[in-house]
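Visitor: I would like a close look at one part of this model, starting from a single side chain and then following the charged and aromatic contacts. Please keep it plain.

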Amino acid sequence: RIKRERALFDELENSDEARALRYAFFAEREVAKLPDVPRDTPLRPMETAAIIGAGTMGGGIAMSFADFGYRVKLTDTTTQALDRGIARIRANYETSVRRGSLSPQEMADRLARIEPVAGYDAIADCDVVIEAVFEQIPVKEEVFKQLDAVMKPGALLFTNTSGIDIDTMANATRRPQDVAGTHFFAPANVMKLLEVVRGSGSAPDVLASAMALGRKIGKISALAGNCDGFVANRSRAPFSTEMVILLEEGALPEQIDKVMVDFGYPIGPFATADLSGLDIGYDTRKRRAAQYPNYRKLPIADRVVEAGRLGQKSGAGWYRYEKGERTPHPDPEVARLVKETAAELGIPQQTFSDEEILCRLLFASVNEACRILDEGKAYRASDIDVMWLNGFGFPRYRGGLMYWADGIGVGEVYRRIAAWHQRHGERWAPAPLLRRLAESG
């Protein structure tokens with residue numbers, strides 16, 4: 001019996017899943033190391049915090065502070081918006097109480113740590129302020145102009161943007177050295193990743209402080225270079241593009257979501273988009289289309305939003321939702337919209353195997369991640385894996401996006417991408433790093 005148990009233990013210890021879990025464990029420790037910021041860099045004070053914007057993201061960030069014992073001030077442009085934000089926070093905590101994961105006393109204690117305040121003067125003495133307003137450049141620039149006018153010298157000025165150039169906000173101030181990105185992932189009080197983004201002027205102690213702040217509120221902090229989408233969203237953008245292109249070619253949201261859940265994701269990408277809100281992606285696509293002449297537009301995704309389907313918050317997105325529930329239900333209206341749009345675009349319809357859907361989505365992002373590494377926007381491939389594990393729900397027992405691709409083999413990944421480049425065009429052009437790795441073995 002002992003021999004059988006030992007053999008079973010050895011088999012489990014040496015399984016692919018066990019190796020992937022060990023890899024993920026060490027990757028999450030490695031990601032905290034910033035090679036170009038000395039480890040003994042003194043941190044700035046971070047005892048008092050404020051959040052600008054009481055929407056879904058701002059409220060979730062405030063909860064992240066309160067959940068770990070920090071008092072935090074929360075403000076918005078109007079009393080009504082602030083009241084709605086506090087009500088949403090209370091409702092989130094009440095859900096946790098009903099589920100039994102939080103006691104009524106714990107809920108009361110956490111709510112007491114979140115202080116709604118009116119105006120910027122009420123936060124002027126805070127050590128750190130995080131902007132979490134709409135993902136629109138003029139709105140964010142105005143916030144940072146006002147922060148620059150009122151915040152005390154040396155205050156940490158952070159932006160929760162998911163992809164806008166950090167220097168845009170930094171240049172709206174006279175202290176760009178104090179500005180950096182702190183990109184939380186939705187829902188902010190649940191997701192573990194905090195992507196810290198380096199602006200061109202961000203001081204080393206500001207970056208070190210941002211990384212430490214994330215750890216203080218239970219996050220895994222990972223540093224990213226400043227580019228459109230940074231590291232996490234930039235590496236996932238081809239995945240997001242490809243999943244909608246697959247709809248154009250004949251797939252449906254529920255089919256794609258099932259493939260990814262079967263792979264190990266806790267929730268499919270279309271259901272995830274509904275959870276985050278489809279209007280954010282819509283605004284990002286409009287910005288990128290105006291910025292890049294060859295940007296690949298996604299008319300189906302745009303039409304869903306233009307039909308008033310913003311996701312769970314509007315009761316309908318890629319799926320429909322019953323009042324008071326978060327269960328996604330396939331919607332014939334979406335199937336109709338997909339079919340009509342594909343017909344208008346003249347795109348031939350086909351069926352897809354689960355394997356092709358999986359590889360189309362993930363290989364697209366592997367390719368972009370290779371570009372990110374080549375440009376030095378991420379320190380390590382394992383940092384990208386940490387971001388996917390903790391920001392996008394990539395199955396932990398598969399190690400991470402790049403670790404998973406390594407297991408398939410660079411030669412096979414390159415072969416498939418090169419073939420899709422011939423078939424589908426420039427968006428599948430192999431990254432130079434991927435080509436070099438494949439050619440060198």
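Visitor: Is Lys286 buried, partly exposed or exposed?

Guide: In this predicted model, Lys286 is partly exposed, because its relative accessible area is 40%, and partly exposed covers the range between under 20% (buried) and over 50% (exposed). Lys286 forms a salt bridge with Asp302, with 3.9 Å between the closest N and O atoms. Since Lys286 belongs to helix H12 (residues 278–291) and Asp302 to helix H13 (residues 299–306), the pair ties together parts 16 residues apart in sequence. The partner, Asp302, is buried, with a relative accessible area of 11%.

This contact is one of 36 salt bridges in the structure. Another joins Glu30 to Arg380, where the closest N and O atoms are also 3.9 Å apart. That pair links distant parts of the chain: Glu30 is in helix H2 (residues 16–30), while Arg380 is in the loop between helix H15 (354–374) and helix H16 (381–391), 350 residues apart. Glu30 is partly exposed at a relative accessible area of 28%, and Arg380 is buried at 15%.

A further salt bridge runs between Arg234 and Glu368, with the closest N and O atoms 2.7 Å apart. Arg234 lies in helix H9 and Glu368 in helix H15, so this contact ties together parts 134 residues apart in sequence. Arg234 counts as buried at 12% relative accessibility, and Glu368 is buried with a relative accessible area of 14%. Salt bridges also join Glu242, Glu249, Glu356, Arg360 and Arg427 into a network.

Helix H9 (232–248) appears again at the largest cavity, where helix H9 and helix H11 (269–276) are the elements that give two or more residues to the lining. The structure holds one cavity of 30 Å³ or more, and the space in the largest cavity is about 40 Å³. Its lining consists of Arg236, Phe239, Met260, Tyr265, Ile267, Gly268, Pro269, Thr272 and Phe392. By class, that makes six nonpolar residues, two polar and one charged.

Phe239, Tyr265 and Phe392 from this lining also belong to a cluster linked by ring pairs. The other members of the cluster are Phe185, Phe263, Phe363, Trp388, Phe394, Trp404, Trp420 and Trp428. Across the whole structure, a search finds 15 aromatic pairs. The ring centres of Trp420 and Trp428 are 4.9 Å apart and their planes meet at 50°, so this pair is tilted. Trp420 counts as buried at 3% relative accessibility, as does Trp428 at 1%.

Charged groups meet rings as well. The charged end of Arg398 sits over the ring of Phe263, at 4.1 Å from the ring centre, and Phe263 is itself a member of the aromatic cluster. In another such contact, the charged end of Arg29 is placed over the ring of Phe25, 3.6 Å from its centre.

One open site remains to be described. The second largest pocket holds about 300 Å³ of space. Its lining is made up of Ala32, Lys33, Leu34, Val37, Pro38, Arg39, Leu43, Ala208, Met211, Ala212 and Arg215. These divide into eight nonpolar and three charged residues, with no polar ones.

Definitions and conventions
Residues numbered from 1 in each chain as written. Predicted model: local features only at pLDDT ≥ 70, side-chain atom pairs only at ≥ 80, totals over all residues. Heavy atoms only, no water. 1 Å grid on protein atoms, 1.4 Å probe; cavity = no way out; pocket = protein on both sides within 12 Å on 5 of 7 lines; lining within 4 Å. Points joined across faces, edges and corners; volume = space filled by probe spheres on them. Nonpolar A, V, L, I, M, F, W, Y, C, P; charged D, E, K, R; others polar. Phe/Tyr/Trp six-rings, centres within 6.5 Å; stacked < 30°, edge-to-face > 60°. Buried < 20%, exposed > 50% of the residue type's maximum accessible area, 1.4 Å probe, protein only. Lys NZ or Arg CZ within 6 Å of the ring centre and 35° of its normal. Helix = DSSP H or I, 4+ residues; strand = E, 2+ residues; numbered from the N terminus. Salt bridge = Lys/Arg side-chain N within 4 Å of Asp/Glu carboxyl O.
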